[in-house]
Amino acid sequence: MSGNKLEKITNIITIVMKNSSLEYEGDIIPQTHLRNDLGLDSLALAEMAVRIEDEFDIDVFEDGLVNTVKEVLEKL
Amino acid sequence: MIFIITEKKAETYSSLLYKVNEGMCDCYFTSFVSDLVSDNDIDLSNYVINKKKNKIANLLELKSKIINSKSRIRFKTSGTTGNAKKITHDMSFLLNKTKKFTKSCVWLYTYNKLHMGGVQVLLQALINNDTVIDGYKKDRDYIFNVMKEYEVTNISATPTFYKLLLPIKEQFLKVKKITVGGERTDDKTIEIINEMFPNAKVNNIYATTEHGAVLFSRNNVFKVNDKIMIKGGVLLVKTGENIHYNTGDLVKMINDTEFVFIGRNAEIINIGGRNVNPSQIEDVITNHPKISQAVVYTKSNKLLGNILACKVVSTEVTENEIRSYLKEKIKEGYKIPRIINLVDSVLVSKNNKVVR
């Protein structure tokens, strides 16, 4: 189940990165940092949140910031 | 003689036309009258046009009753940005806005009949004994068919209505007058009209349900006049000595005396503290030659408050192409919609206006 979620979140992050013209060499894993590793800025993070909300019906920024993929997964 | 064609199939048009010439009228007219004359000082039972007694004398008498009616007519504003308001006008106010023409016209009717634009067209046609063809909420093929078959000369509609006629199938040379209003008219709409109706004079009307028509233009540039005032980029309509009504419509002066409409105050979207006018982004998107319509709207989130999303009508471009096009045209990243949906059509309200 959690693997499935990771895959969905990875797909969403990949779309967001493409829209921001960002590239990342490594694999997206739970420890990946959204800002520091992937370079997502606030617009990209907001897009990610909207896309996740469309899929899971949860705003991951509801109770404050999330920094890593793991922290995103924990909200779902 | 006024008549309105409603749900008739194409093959029955000629028989209906014959009946109309014989002095018959479609019952839709009666229902229009009973809705219009809401305070009802006309005893409709004497004038109900049924299948047995459709005499032109009745209709002319009915027309005179409508014109002389002391009724007050209630309208609901479309409530494009907020709650719909109720506005009341008497018949003399509405008839004041109509004009007598020497030539007879064939109108394509596109409005909801309970709204100001619709009633204005019906009264205009009634005053001149013109023909009205009902094109309200009809599909594109139906519209094209009736325009040809009845040689429509006048169309009054919202910009959205004209955009829904895309792609352009043919030109309609008989159309002499195009009225456009009810929404902000963008360059795309004027382009479509000029191409589709090359012989038509364009009349772009800015009206409010409260005041009726206030401004007129042959394109989408309006001239400042003494009925209005512009303050802080917002259009105000003068309603009395030093009394102004805030329309909430945003305008931009292009020189000392002329201006264009750029959007509505209530539609401004705040993205992390920065304001974006969705209409301006829509203009950029629809300037793409392969895109016929676009709607920019907001997706809310806790991080920035809002981000932009858009729906784009086109079968010829991909999401990636739109994104690169927008990156080229718009410098500020936050003004570029983050979510782009390609759709077959956009949602249109019962007043033929685009719904965000």
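# A guided tour of chains A and B

Begin by selecting Leu45(A), Ala46(A), Met48(A), Ala49(A), Leu308(B) and Cys310(B), the residues with the most contacts inside the largest nonpolar core, which has 39 residues. A nonpolar core is a set of buried Ala, Val, Leu, Ile, Met, Phe, Trp, Tyr and Cys residues joined through C-beta atoms within 7 Å. A residue is buried if 20 or more other C-beta atoms lie within 10 Å of its own, exposed if 12 or fewer, and partly exposed in between, with C-beta atoms placed from the backbone.

The model is predicted: local features need pLDDT of at least 70 and side-chain atom pairs count only at pLDDT 80 or more, while totals for chains, interfaces and linings use all residues. Residues are numbered from 1 along each chain as its sequence is written, and chains are lettered from A and ligands numbered from 1 in the order in which they are written.

**The contact between the chains**

Select helix 2 (residues 42-56) of chain A. Helices (H or I, at least four residues) and strands (E, at least two) are DSSP runs, numbered from the N terminus. The largest share of the 39-residue core, eight residues, comes from helix 2 of chain A. The contact between the chains takes 11 residues from chain A and 12 residues from chain B; two residues are in contact if their C-beta atoms, placed from the backbone, lie within 7 Å. Helix 2 gives the most to the side of chain A that touches chain B, with seven residues. That side of chain A divides into six nonpolar, two polar and three charged residues. Here Ala, Val, Leu, Ile, Met, Phe, Trp, Tyr, Cys and Pro count as nonpolar, Asp, Glu, Lys and Arg as charged, and the others, Gly among them, as polar.

**The three-stranded sheet**

Next, display strands 17, 18 and 19 of chain B, which form an open sheet in the order 17-18-19 with mixed pairing. Two strands pair if DSSP finds at least two bridges between them. Strand 17 (293-301) and strand 19 (339-343) of chain B each have a single partner strand, so one side of each edge strand lacks a neighbour in the sheet.

Strand 17 of chain B runs antiparallel to strand 18 (residues 305-313) of chain B, and nine bridges join them. The two strands form a hairpin with three residues between them. Along this pairing, Val296(B) stands opposite Cys310(B), and Gln293(B) has Val313(B) as its bridge partner.

Now centre on Leu308(B). Which residues does Leu308(B) touch, not counting residues up to four places away in sequence? They are Ile269(B), Ile271(B), Val276(B), Ile281(B), Val296(B), Thr298(B), Pro337(B) and Arg338(B).

**Helix 9**

Move to helix 9 (residues 278-286) of chain B, where the buried residues are Pro278(B), Ile281(B), Glu282(B), Ile285(B) and Thr286(B). These residues lie on the same side of helix 9 of chain B because they cover an arc of only 130° around the axis, the arc being that of the directions from the helix axis to the C-beta atoms. They pack against several elements of chain B, including helix 8 (187-196), strand 17 and strand 18.

**The five-stranded sheet**

Finally, select strands 10 to 14 of chain B, an open sheet in the order 10-14-13-12-11 with antiparallel pairing. Strand 10 (222-223) and strand 11 (228-231) of chain B stand at the edges. Strand 12 (residues 234-240) and strand 13 (residues 243-253) of chain B pair over five bridges, with Val237(B) opposite Tyr245(B).
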